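Here is a set of short exercises to work through with the sequence and the model side by side. Try each task on your own, then follow the solution step by step.

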Amino acid sequence: MAGVLISVVVPLYNKRPYIAKALASVVDQGVEGLEVVVVDDGSTDGGADLVRSLGIPQLVLVLQANAGVAVARNRGIEVARGELIAFLDADDWWLPGFLPAILALHRDYPGAGFYCTGFLRVDGAGYQGRASPTALPPGCSGVVVDFYRHWCKGSFTFTSAIVARGSVLAALAPAFPAGERLGEDQDLWFRLAETAAVAYCSRPLAVYRVDVGGSATHGDQASSVLPCFDRLAQRLATGAVPPAMRAGARRLLGVHALNVARRLAQTGQRSAAWRQAWHPWAAGHPGYLLRTLAWLGARAWQGRART
């Protein structure tokens, strides 16, 4: 397939009500040299038939038995022929100007490992009025320095707002770890950020739909340490994380360990929450550790007061 600059990889599993909007947002970008790779992961709702009927130019539809979103994305990467590979989940969509902003980043920062933008969250009632945190001032573009330190403040981008260079993804294959429900995408962004620069546009140009049942992130918060953070800790311990990123990585591990402690407390697992608060990683963010211990203590006191 000649002339492909960007391949858009879309995993599809029982998202028929949303897939047409997602794909229309790709076509409406008005960018030439697009290839759309939809990997149907064993859907049972006729979503693949709908995709066929849309008449999208340069569509590649891959059918596979259900194996999970990571396997579907990896298959899409294998099939993709573009220099750049974009990821778009079937229930998300791009706003006008997303791909032009990505191409501007690619022009200005050709050596970056991946290119990304900010995003908006939406539920069934419409925009929630909250954009993602930003790693650069609003309206600015540039290279994100100290990726992990910025990630501590919240995800400033997400899967459907990210476009990676195919050659960099090939060097990290398999890109997405199979069989993990949460954090499999963060694992890749972490490894990419450790490999090459991250070019970023702070404008929110992708939309993350948060109200769809069955989505990997729908209503889920980690109540145990995620494998992607275990692997980050291993790379940190072996010196694989670049020196300039190590302090930020330790800080992020602390944030994750303490977030897990808070989640345990919120679900009534008080003893487990206290144990988790003293996880070795928690010392990576002393301020958050102190705030979390105070928060746990206040919850415990309130609980005794009610009894």
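**Exercise 1. A charged network**

Which residues are linked with Glu180 in a network of salt bridges?

Solution. Before you start, note that this is a predicted model, in which local features need pLDDT of at least 70, side-chain atom pairs count only at pLDDT 80 or more, and totals for chains, interfaces and linings use all residues. Residues are numbered from 1 along each chain as its sequence is written, and side-chain values use heavy atoms, with hydrogens and water left out.

- Step 1: take the rule, by which a salt bridge is a side-chain nitrogen of Lys or Arg within 4 Å of a carboxyl oxygen of Asp or Glu.
- Step 2: apply the rule to the model, and the count comes to 11 salt bridges.
- Step 3: follow the links from Glu180, and you find Asp187, Arg191 and Arg231 in its network.

**Exercise 2. The partners of Arg73**

Find the salt bridges that Arg73 makes with Asp89 and Glu184, and say what parts they tie together.

Solution.

- Step 1: the side chains of Asp89 and Arg73 form a salt bridge with an N to O distance of 3.1 Å. Asp89 sits in the loop between β4 (84-87) and β5 (93-94) and Arg73 in helix α3 (residues 69-79), so this pair ties together parts 16 residues apart in sequence. Helices (H or I, at least four residues) and strands (E, at least two) are DSSP runs, numbered from the N terminus.
- Step 2: Glu184 and Arg73 also meet through their side chains in a salt bridge, at 2.9 Å, N to O. Glu184 belongs to helix α7 and Arg73 to helix α3, so here the parts tied together are 111 residues apart in sequence.
- Step 3: check the burial, where buried means under 20% relative accessible area, exposed over 50% and partly exposed in between (1.4 Å probe, protein chains only). Arg73 is buried at 3%, Glu184 is buried at 3%, and Asp89 is buried at 18%.
- Step 4: set beside these the salt bridge of Asp108 and Arg107 (3.0 Å, N to O). There Asp108 is partly exposed at 43%, while Arg107 is exposed at 59%.

**Exercise 3. Strand β2 and its neighbours**

How many residues of strand β2 are buried, and which strands pair with β2?

Solution.

- Step 1: β2 covers residues 34-41, and eight of its eight residues are buried.
- Step 2: in a regular strand the side chains alternate between the two faces of the sheet. On one side of β2 lie Leu34, Val36, Val38 and Asp40, and on the other Glu35, Val37, Val39 and Asp41, all of them buried.
- Step 3: two strands pair if DSSP finds at least two bridges between them. β1 (residues 6-12) pairs with β2 in the parallel sense over seven bridges, and Val9 has Val37 as its bridge partner in β2.
- Step 4: β2 also runs parallel to β3 (residues 59-64), joined by six bridges, with Val38 opposite Leu61. Between these two strands the chain passes through helix α2 (residues 47-53) in a right-handed β-α-β crossover. Right-handed means that, with the strands pointing away from the viewer, the path from the first strand over the helix to the second runs clockwise.

**Exercise 4. Where two helices meet**

Which side chains make polar contacts with Arg262?

Solution.

- Step 1: locate Arg262 in helix α9 (residues 246-266) and Tyr288 in helix α11 (residues 286-306).
- Step 2: a polar contact is a pair of N or O atoms within 3.5 Å; within protein, one must be able to donate a hydrogen and the other to accept it, and residues adjacent in sequence count only if both atoms are side-chain atoms. The side chain of Arg262 makes such contacts with Tyr288 at 3.3 Å and with Thr292 at 3.1 Å.
- Step 3: the side chain of Tyr288 has a further polar contact with that of Asn259, at 2.5 Å.
- Step 4: Arg262 is buried, with 18% relative accessible area, and Tyr288 is buried too, with 13%.

**Exercise 5. An unusual peptide bond**

Which two residues does a cis peptide bond join?

Solution.

- Step 1: most residues other than glycine have a negative phi, and most peptide bonds are trans.
- Step 2: the cis bond lies between Ala173 and Pro174, with omega about -5 degrees.
- Step 3: Pro174 is in the loop between α6 (166-171) and α7 (184-195).
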